[in-house]
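Please look over the sequence and the three-dimensional structure shown below before reading on.

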Amino acid sequence: MKTLNLGILAHVDAGKTSLTERLLHTAGIIGELGSVDDGSTQTDTLALERARGITIKAAVVSFALGDVTVNLIDTPGHPDFIAEVERALGVLDGAVLVLSAVEGVQAQTRVLMRTLRRLGIPVLLFVNKLDRRGADPERVLREITEKLTPSATTMATDRVIDLLATLDEDFLTEYLTAPDTFTPSRLRAELSAKVAEGRAHPVYFGSAITGAGIDALRDGIENLLPAEEADVHAPLSGTVFKVERAPGGEKIAYVRLFSGSVAVRDKVPLGDGEGKVTAISVFDDGAAVPSASAEAGRIAKLSGIDVRIGDVLGTRARPREALFSPPTLETVVSPVRPADRGPLHQALTRLTEQDPLIGLRHDEVRQETSVSLYGEVQKEVIQATLADEYGIDVTFSETTTICVERVRGTGSAAELIGTASNPFLATVGLRVEPGSGFSFRLEVELGSMPYSFVKAVEDTVKETLREGIHGWEVLGCVVTMTHSGYYARQSHAHGTFDKSMSSTAGDFRDLTSLVLMAALREAGTTVHEPLHRFTLQTPADTLGAVTALLARARAVPRTTITKGGTAELEGEIPAAKTHEVHQLLPSATRGEGSMETVFHGYRPVRGTAPSRSRTDHNPLERKEYLLRVLRRV
């Protein structure tokens, strides 16, 4: 049987989860439609999802559509949970992008469509909520062609022909000479080929609540999106896109299998090692059911293997790239009960297994743990999860913006073994230079000392660069090892290892941080703040007030176009100021202004560079660092 891994994506409140419910009901998987408002939907299973009426975690459910098994993945629409969407996109064969017939194209709709098109994922568009007051399908169709894709088409025969003729000159020539040969089935086959290539985007209209238009959408899913029979005899290849914990604490990995197969008790290649599968579930008729094996094309839940999101089983089938922006906000999480500090750190570490883009920074001196975020709603999710699943009540500090550092020039430093100033049995010399990304290079012979020592230096360089001169992560630099040296293994007469006379990997780790920060200080760094690109629409007569608001927010408009009575501005704005502008925009525009923002990169901070407290042993202060490290040793 053919398999189609289908994502349902949308801006929040466009009706994505309601559409999922309708598809499951039409397929006979559920006997009664669930309600987002009532918290009774099939895919929103978390208590907070049901309480707020939003999707937080991607959920998988399966149903049959003709001779195709559809694994349907319901993803979050709220931008705070974009990391969940990113992981789902890596395992999709096709997608349905849902829009509201009332609100039309929204900020998240544009971000999602841009990403889907870049990845070449086949997309159908479903304009939902035709039953609502204010629905305007013709306006939404115009917005789709103007803001999302010029290759959108309704399923009217003449419009399909027009699009195919625009996309393919050979089609146009043949159609003009022999139009009678293009039967409805052939037109559908031609359209299906263009959809699979990501060049055509059919648009459907309807209502998930009433069921209008659902049969046409089901037909499009079955006949236009590419469902294939995967190669079960090829070597195993799969990607972990979700991790959850069983009640007993065991990890359960959600894996998309691209090729090959896996069975219970199999030992599967996993990075540099392997893991033994102890249990398998596959999705069938709406639920995950136990199975002795899982084959290519399936989404399987595997138990017994120690994995993180993004890990590859076997060989990598698809190149992985970052699809969305990194989190740009940070907050300190504190337990209400001081006795919960240790359990809180353990619980947060487990949560990062499920969401690796939510990074942790633990300050041992202040006994504080910081988490990075996409938005304020995530605070509520983390708070509820810690209370419900771990019994830990927490509070949060005020959210701050995460900056980064970039290397300005070139700097070098070295510490030689056997000198009075160097208490470690190691020689390390490093040079730091600007670069487009991180790379570690050698100017020393690879065989001049054990590889484990070289690896210790490289790993420590990566770790140390998480906190630069001002405490922010250092992006884009080349680090070259220029000096190396060690004392060979020494033993006493009875064969016992003498650590005081022999170099260890620990010597190289402890010395590398000190040398690297000295080189980084000489090179110098510049603090950069996250920047968003904005598109703002406002009544033309409020343009003066809006321009003043943007100026106070340090935003830089690049273009301003006035059409009719509406002005549209595009430009860049510091991420730290977007929330403020969103709050003040209604009062400046009589409630008629709207602004969309998307991560656009980083720019140097103007004025005094902000700093962040360190969580390491502070290798910038040599005496303090040596006291802490040598006391620990």
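What follows is a set of questions and answers on helix packing, strand pairing and one loop residue.

Q: What kind of model is this, and from which number does residue numbering start along each chain?
A: This is a predicted model in which local features need pLDDT of at least 70 and side-chain atom pairs count only at pLDDT 80 or more, while totals for chains, interfaces and linings use all residues. Side-chain values use heavy atoms, with hydrogens and water left out, and residues are numbered along each chain, as its sequence is written, from 1.

Q: At what angle do the axes of helix H12 and helix H13 cross?
A: Helices (H or I, at least four residues) and strands (E, at least two) are DSSP runs numbered from the N terminus, and by that count H12 covers residues 451-464 and H13 covers residues 505-523. Their axes, which are lines fitted to C-alpha atoms over the stretch in contact, with angles running from 0 to 180 degrees between N-to-C directions, come within 8 Å and cross at roughly 40°.

Q: Which term describes the orientation of H12 to H13?
A: Angles under 35 degrees count as roughly parallel, over 145 as roughly antiparallel, 65 to 115 as roughly perpendicular and the rest as oblique. The axes of H12 and H13 cross at roughly 40°, and that makes H12 to H13 oblique.

Q: How many residues of the contact of H12 with H13 are charged?
A: Contact means heavy atoms within 4.5 Å, and the residues involved include Phe453 and Val457 of H12 together with Phe508, Arg509 and Leu516 of H13. With Ala, Val, Leu, Ile, Met, Phe, Trp, Tyr, Cys and Pro counted as nonpolar, Asp, Glu, Lys and Arg as charged, and the others, Gly among them, as polar, the contact divides into eight nonpolar, four polar and, as charged, one.

Q: Which strands are the edge strands of the open sheet ordered S24-S25-S28-S26?
A: Four strands form this open sheet, and their pairing is mixed, where two strands pair if DSSP finds at least two bridges between them. Inside the sheet, S25 (residues 427-434) and S28 (residues 477-485) pair in the antiparallel sense over eight bridges. The edge strands each pair on one side only, and they are S24 (411-415) and S26 (439-442).

Q: Which strands of the sheet does H13 touch?
A: H12 packs on the sheet, touching S25, S26 and S28, and its direction makes about 150° with that of S26. H13 also packs on the sheet, its direction making about 35° with that of S25, and the strands it touches are S24, S25 and S28.

Q: Which residue in the hairpin of S11 and S12 takes a positive phi?
A: S11 (residues 267-270) and S12 (residues 273-276) pair in the antiparallel sense over four bridges, and Pro269 stands opposite Glu274 in S12. The hairpin has two residues between the strands, and the residue with a positive phi near 65° is Gly271.

Q: Is Ala555 buried or exposed?
A: Ala555 lies in the loop between helix H14 (543-552) and strand S30 (556-563), and among the residues that it touches are Phe534, Leu550 and Ile573. Buried means under 20% relative accessible area, exposed over 50%, and partly exposed in between, for a 1.4 Å probe and protein chains only. Because its relative accessibility is 10%, Ala555 counts as buried.

Key:
Lists of a residue's contacts leave out its neighbours within four places in sequence.
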